[in-house]
Amino acid sequence: MFLLAQARKYFFNKQALVDHKIEEDMWTISAQPKSTSGLDTAPFPDELVQRCLDVGCSDNGVVLDPFLGSGTSIRVANLSGRSGVGIDLNRDFCEYAATTLLDDEKCT
Ligand SMILES: C[S@@+](CC[C@H](N)C(=O)[O-])C[C@H]1O[C@@H](n2cnc3c(N)ncnc32)[C@H](O)[C@@H]1O
C-alpha cells in the first residue's frame, strides 16, 4: 500500500494508527469474501479502506476512486461520513455500485 501525495503539504493522521494500535509498516487484515452479483471484481476488505481513509483523508473529506469496481471504497467513505465520487470504465460496475450504494440509506 502506497500513500502518494502531489502537494508538499498533505493530510496525514498518524495518530489513527497509534489509537488503534496498528503497526505502520505491516498490516494484517483478514479476507472478506463478498457477493457482487456475478460481476468479476476483486473487492477488498472494508477495514483496508477504513485504515487508509483514517490516515489519509480528513473526517469530512471527499474520496475519488477512479477504479470504482463494486464500490467498496466509496461505500466505506460514505459510512464514515465522507463524500465519494467513483469512475469506472465498465458500465456494469457503475450500475452495480450506484444501485448498491443508493440502496444503502447511509450512502450518498
Ligand atoms: C479491482 S476493481 C477496483 C475495486 C474498487 N476500487 C473498490 O473499492 O471496490 C478495478 C476496476 O477498475 C476498472 N478499470 C480498469 N481500468 C480502468 C480505466 N482505465 N479507467 C477506469 N476504470 C478502469 C475495472 O473495470 C474494475 O472495475
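Biologist: What makes K21 count as exposed in this predicted model?

Modeller: Count its C-beta neighbours: K21 has 6 of them inside 10 Å. The cut-off for exposed is 12 or fewer, so K21 counts as exposed.

Biologist: Where is K21 found?

Modeller: K21 is found in the loop between helix 1 (15–19) and helix 2.

Biologist: What is unusual about the phi of K21, set against most residues other than glycine?

Modeller: Most residues other than glycine have a negative phi. The phi of K21 is near 50°, a positive value, and K21 isn't a glycine. Another positive phi, near 90°, belongs to G81, which follows helix 3.

Biologist: Back to that loop. Why is L39 called partly exposed?

Modeller: L39 has 15 other C-beta atoms within 10 Å. Buried needs 20 or more and exposed needs 12 or fewer, with partly exposed in between, so L39 is partly exposed. L39 also lies in the loop between helix 1 and helix 2.

Biologist: Which residues is L39 in contact with, leaving aside its neighbours within four places in sequence?

Modeller: S70, D92, F93 and Y96. Take D92: it is 53 residues from L39 in sequence, yet their C-alpha atoms are 8.0 Å apart in space.

Biologist: And why is C94 partly exposed?

Modeller: Run the count again: C94 has 16 other C-beta atoms within 10 Å. That falls between the cut-offs of 12 and 20, so C94 is partly exposed. C94 sits in helix 4 and touches L68 and D88, not counting residues up to four places away in sequence. From C94 to F67 the C-alpha distance is 9.9 Å, with their positions 27 residues apart in sequence.

Biologist: How do you know that helix 3 is mostly covered?

Modeller: Of its 8 residues, 6 are buried. These are T72, S73, I74, R75, V76 and A77. The cover over them includes helix 2, strand 1 (62–65), strand 2 (83–86) and helix 4.

Biologist: Which residues does V76 contact, beyond its neighbours within four places in sequence?

Modeller: V76 is in contact with D46, V49, Q50 and L53.

Biologist: What makes up the largest nonpolar core?

Modeller: It has 10 residues: V49, L53, V63, L68, I74, V76, A77, F93, Y96 and A97. To belong, residues of the right nonpolar types must be buried and joined through C-beta atoms within 7 Å. Helix 2 (46–56), helix 3 (72–79) and helix 4 (91–103) each give two or more residues to this core.

Biologist: Which residues come nearest to the ligand?

Modeller: There are 17 residues around the ligand, and F67, G69, T72, S73 and L89 come nearest. The shell divides into 8 nonpolar, 7 polar and 2 charged residues.

Biologist: Let's zoom out. How many helices and strands does the protein chain have?

Modeller: The protein chain has 4 helices and 2 strands, running α-α-β-α-β-α from the N terminus on.

Biologist: Why is the chain called as compact as a globular protein of its length?

Modeller: Its radius of gyration is 14 Å, and the globule rule gives 13 Å for 108 residues; those values are close, so the chain is as compact as a globular protein of that length. Its C-alpha atoms fill a box of roughly 40 × 30 × 25 Å along the principal axes.

Biologist: How much of the chain is buried?

Modeller: Buried residues make up 18% of the 108 residues. As for contacts between residues at least 6 apart in sequence, 53% join residues at least 24 apart.

How values were computed:
Residues numbered from 1 in each chain as written. Predicted model: local features only at pLDDT ≥ 70, side-chain atom pairs only at ≥ 80, totals over all residues. Rg over C-alpha atoms; globule rule 2.2 N^0.38 Å. Contact = placed C-beta atoms within 7 Å. Near = placed C-beta within 6 Å. Nonpolar A, V, L, I, M, F, W, Y, C, P; charged D, E, K, R; others polar.
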